[in-house]
Amino acid sequence: MTSLAEKRQGTGELVTENTATMVETEATMVLSGISKYYSGVAALQDVSFDVRPGEVHALLGENGAGKSTLMNVASGTTRPDTGSITVAGEVLETLTPSLATTLGIAIVHQHPAVLEDLTVAENIRLAVPAEFLAGQGSRREAMQAMLDDVGSTAHLEDRVGGLSVAQKHLLELAKALVMKPKVLILDEPTAPLGQASVDLLFERVRAAAAAGTAIVYITHRLAEIRVIAQRVTVLRDGKYRGTSDVQDVTDDELLSWIVGRQLESTFPPKHVSVETTGTYLSVSGLSGKGFSDISVSAQTGEIVGVAGVVGNGQSDLMGALAGLSRFDGSIEIHGEEHTGRDLRARAAYMPADRHREGLMMTLSVRENAAVGSLKRFTRGLFVSTREEVGSIGHELTELDVKAPNMDANVASLSGGNQQKVVMARALLSEPTIVVADEPTQGVDVGARAEIYRILREIAEAGTPVVVNSSDAKELEGLCDRVIVMSRGRVVQELAGDEVTEQRIVSAAVSATAHTEQRTAQRQARSSRVRRFLQGDYSPVLILAIVMVALGAYVFSQNDRYFTAFNITSIQGLVAALGFIALGQTIALMTGGIDLSVGPLAGFLVVVASFFIGNESPMGQILFGFILMLIAAVITGAINGFLIRFGKFTPVAATLAVYIALQGLSFVLRDGPEGIINSSVTGIIKAKVGPFPVVFIILVAFTFALEFALRYTRWGITLRAVGSNEEAARRVGVRVNRTVMLAYISVSLCVFIGGILLMGQIGIGDPSQGANFTLTSITAVVLGGTSLLGGRGTFIGTLLGAGLIIQVLNATTFLGLEQAWVYFFQGALIVVAALVYSQVRRQRATV
Amino acid sequence: MAEATTSKVAERASFWDRVPRGMITVTVAVVGLFALSAILAPSSVTKGPLLGMLPFASVLAIAALGQTLVVQQGGIDLSVPGAISLTVVVATHEAAGDDSRLLYAGLVALVAVLIAGSINGFVIGRLGLNPIIATLGMNALLYGVVLWLSGGIPRQTTDLLAKITAGLTFGIPNAVFFAVAATAIVAVAVKRTVSGRRFEAVGANPVAAWAAGLRVRRHRTGAYVWAMVLYWLAGMLLAGILNKPTAYQGDSYLLPSVAAVVLGGTSLLGGRGFPVATALAALFLSQLDSFVLALGVSFAARTLVEAFALAIGVALYTVDWKAIRERLFGARRAVPAGSSP
């Protein structure tokens with residue numbers, strides 16, 4: 001690494017030593033002869049591209065033309081099979097994401113790599129090295145300046161999950177710009193933005209270019225190229241089509257570069273219009289989330305295509321047609337109006353994301369194909385295997401699905417065959433309409449032709465077929481009628497001979513409309529009250545109020561409640577539970593759970609009982625403590641290892657460790673034996689006034705952890721991993737290490753808790769401790785930490801532990817039966833979880 | 001790819017290929033364990049210990065079947081102990097040793113746990129609460145009722161219940177028949193009915209199931225309710241098998257029920273369930289107990305063995321053994337891209 005950094009510096013000096021005119025022309029980054037193959041299929045073939053300092057170079061092409069792959073090569077995420085990358089005159093043998101960052105290559109992805117549970121400030125701190133935030137003023141001022149610079153109205157303490165998509169993009173842009181990159185890659189940056197934000201964005205891009213940054217601007221929109229770019233390069237089908245200065249090329253010329261791809265697969269003949277056929281699908285005034293006022297009607301037998309640049313509401317429209325999301329307006333099929341509820345039950349939906357929405361990946365081909373039509377196979381009470389196997393086998397053969405047999409796992413099939421399984425399910429369910437979202441994505445050429453044929457047959461048989469595709473050539477070949485969408489609206493409807501790739505692409509890329517500004521008015525800065533409510537500390541306030549109220553009530557019933565003795569005993573009990581619950585909080589923060597905390601605490605006491613006896617010499621006592629520490633660390637490491645490297649779910653991993661630890665305790669001791677050294681327990685029970693020393697330590701420790709959680713890299717990465725593992729990885733967090741460390745930290749907290757427990761019970765009892773597992777989870781949940789990971793506080797956990805002990809204690813002072821202890825505990829955890837989830841749901845789409 | 005030449009998609013896999021991996025693993029484990037018992041601790045496979053072990057294995061099997069249903073929906077049910085304990089306490093305290101009140105007591109217990117199951121299902125399926133939190137809370141509430149009813153004092157079971165559950169028919173403990181019947185019913189319901197098949201699909205991928213038009217929330221809620229019926233049955237059996245069941249009788253069934261589910265091959269992430277394998281896993285765990293006991297080793301060693309069995313059981317299903325084999329034994333199996341064997 002050092003040698004590369006030196007090289008970079010060397011070349012940097014080289015450039016400055018050269019004449020200024022050289023800098024003018026020499027490209028900052030040159031990609032030449034880049035090829036990339038994915039299992040034999042070319043994603044890029046001999047593509048060359050360069051970008052100079054101070055210029056905006058647009059990269060244009062259809063979906064799947066290879067733009068994103070090329071930019072992934074440029075930013076080090078994808079390794080090319082052939083070709084070379086030259087940055088600032090230096091030829092690089094390999095480019096990794098971290099090397100790209102050091103070289104000053106920044107990329108703003110189409111889908112922002114932000115962590116939703118973290119605040120804006122924390123997202124910035126995680127992704128931006130500290131040196132870029134240094135300078136005049138405090139760090140916060142620097143961060144605020146970053147946001148102001150891109151025109152973001154987000155507050156630094158806003159949780160990113162509550163921001164609008166546009167604000168998230170601006171945050172990504174700010175993160176990239178602040179590092180003063182040499183090369184800045186923007187992947188369709190204007191897609192989610194309104195007009196005002198687009199203007200601001202262009203202004204920033206120009207400013208960055210003026211400062212000497214080389215900018216690659218990926219887009220689908222010809223109009224934008226004219227406004228912002230100096231040069232334009234076009235890719236088609238992974239091949240280089242040409243580069244030109246923007247002023248030297250007309251829109252028509254660019255279009256001819258973009259379109260004209262050869263398709264290997266063949267299409268079935270189109271629908272021949274017969275006069276007597278009526279309308280079988282009529283959509284009018286359809287509006288919903290992501291699209292508005294869509295109207296289209298199709299003659300019986302026509303396949304309707306939905307076109308446009310990806311992300312302009314097409315998929316949302318498809319979801320509505322399949323009854324999966326709410327809509328206004330009407331959908332009539334064969335003259336009959338259908339509600340969303342009907343459609344969800346009776347439409348056949350072929351989703352674009354097959355793995356997430358289409359298939360049950362752990363089930364077999366047969367089970368997947370049959371799930372929509374089981375009722376047809378029933379004989380009496382049961383599903384008849386013979387009927388099912390017969391029908392399914394017939395359908396799968398018809399569709400020519402290639403699989404070893406129908407009981408094969410659907411995950412083992414190729415993409416094309418998986419899609420055919422989805423189609424088999426659709427056909428078997430005898431649908432009223434077929435809604436196919438990107439039906440040939442990830443499907444091999446042979447299977448494509450089959451899929452086209454099947455869709456055509458369905459339409460000819462009188463069931464409306466709607467196809468969304470980002471491939472205009474495909475729509476040209478398949479559809480009889482195409483609506484082109486931009487920003488959620490239909491910008492053009494094409495029918496019959498008009499359905500050509502040229503017309504479709506032209507309509508899609510010429511659209512200039514921007515997202516409506518409706519969102520802009522709500523972009524006022526969030527109020528302090530709302531930030532608090534959505535923040536992590538609202539549960540702390542709620543808990544504090546409940547505890548004070550409970551305390552006051554019990555005191556009004558029994559005035560011995562506030563005696564020094566009672567305060568001491570409550571705090572002593574809180575201490576042991578508190579430390580263990582703090583540990584549990586760490587596990588939950590990563591999105592996991594640690595069931596082994598209770599038995600570990602008990603086990604540590606049992607271990608201690610062999611070494612820390614009344615007769616034991618000093619050295620042996622010390623050894624005992626060290627042994628406890630080692631046992632705790634090993635336990636944490638095993639938990640972390642099983643979860644990260646054994647791919648166990650956290651519940652399974654820590655459950656196995658739970659049982660093992662309990663077993664080990666009983667191996668060491670049959671029953672309560674081995675009195676703990678009384679001077680050691682004496683030290684543990686020491687007091688300052690009515691306050692046990694350990695309780696004071698607990699409070700101090702809690703605040704220290706809280707501080708670490710908010711302000712150290714340990715804390716921020718911990719929450720980042722819990723919030724979104726993938727996004728965390730993309731901003732450079734080492735996920736495995738973070739989780740391993742987290743589970744070891746849990747065990748270390750339990751180690752301290754174990755010492756306190758040792759002071760409380762004073763003997764090696766193998767049956768003690770296990771209860772702490774569930775109690776600690778209760779405490780953490782009461783404290784408002786989310787079981788989904790990423791959000792929570794240690795202070796809340798401390799109060800949660802306090803409340804549990806307080807309730808236990810209160811029942812004795814109020815003279816209640818033991819049953820009430822359980823009633824209170826059960827009600828507390830459920831009510832707390834419900835209340836907190838409601839409070840959090842108030843998050844607005846600011 | 002081999003699939004291009006050997007597509008027999010209209011046919012089913014051979015019978016042996018259709019037997020789930022969990023089933024094979026557990027069967028081998030059970031047979032192996034009994035063989036080992038016969039060799040190392042012959043006393044553990046004599047009539048007395050077997051008759052002592054089987055009723056408890058039956059209770060565990062039934063409780064684990066309930067847990068299986070919940071796990072199939074990607075959940076976990078921590079209210080098993082509360083539900084079993086409540087059933088036990090109601091069956092003994094409400095009946096109060098009077099045979100004629102047994103039916104009434106049983107029904108009261110059933111209604112009580114069904115209410116609990118419905119609440120679990122509602123807050124998890126409808127309100128979207130985390131299953132761990134909801135069932136943890138429910139468990140505490142159920143124990144509240146248990147203590148409120150019993151005051152923590154054990155009571156003698158009714159003779160009738162003892163006769164029904166602990167008696168022998170053809171020399172086999174009656175509880176075994178209950179367990180076998182429950183396993184058969186659950187297996188048929190899940191694998192052979194429309195609802196059961198949809199239930200598995202929802203568990204395997206709720207998003208896809210929703211898109212396919214299935215009623216996701218109803219199936220999710222249903223899992224917690226049906227599970228309660230099984231816990232109730234387990235509790236009733238336990239109330240009869242034990243002479244004087246305590247108020248905390250259900251406690252020892254939480255972890256083993258989860259362990260049996262996992263050993264049976266049902267993924268904690270949800271999806272397909274294996275009721276028969278789960279029941280066999282329960283038998284395995286119970287025999288393991290009595291085997292280790294006969295060896296003269298303490299309770300300790302037996303939990304250790306359980307932990308190992310669980311860890312190995314999970315690892316069998318989660319770890320990508322093929323990848324590890326390939327890494328260990330070099331690139332022998334690596335086939336150049338594009339060529340088909």
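The following dialogue explains how to read one sheet of chain A and its surroundings.

Student: What should be known about the model and its numbering?

Tutor: This is a predicted model, in which local features need pLDDT of at least 70, side-chain atom pairs count only at pLDDT 80 or more, and totals for chains, interfaces and linings use all residues. Residues are numbered from 1 along each chain as its sequence is written, chains are lettered from A and ligands numbered from 1 in the order in which they are written, and side-chain values use heavy atoms, without hydrogens and water.

Student: How many helices and strands does chain A have?

Tutor: Helices (H or I, at least four residues) and strands (E, at least two) are DSSP runs, numbered from the N terminus. Chain A has 34 helices and 26 strands.

Student: In what order do the strands of the open sheet lie?

Tutor: Strands of a sheet pair through backbone hydrogen bonds, either parallel or antiparallel. Pairing here requires that DSSP find at least two bridges between two strands. In chain A, 4 strands form an open sheet, ordered E12-E11-E14-E15, with antiparallel pairing. Strand E12 (291–299) and strand E15 (336–337) of chain A are the edge strands, each pairing on one side only.

Student: How many bridges join E11 to E12(A)?

Tutor: Strand E11 (residues 279–288) of chain A is joined to E12(A) by 6 bridges. A:Leu281, for example, has A:Ala298 in E12(A) as its bridge partner.

Student: Which helix packs on the sheet?

Tutor: Contact means heavy atoms within 4.5 Å. Helix H11 (residues 314–321) of chain A packs on the sheet and touches E11, E12 and strand E14 (327–333) of chain A.

Key: Axes are lines fitted to C-alpha atoms, for helices over the stretch in contact, and angles run from 0 to 180 degrees between N-to-C directions.
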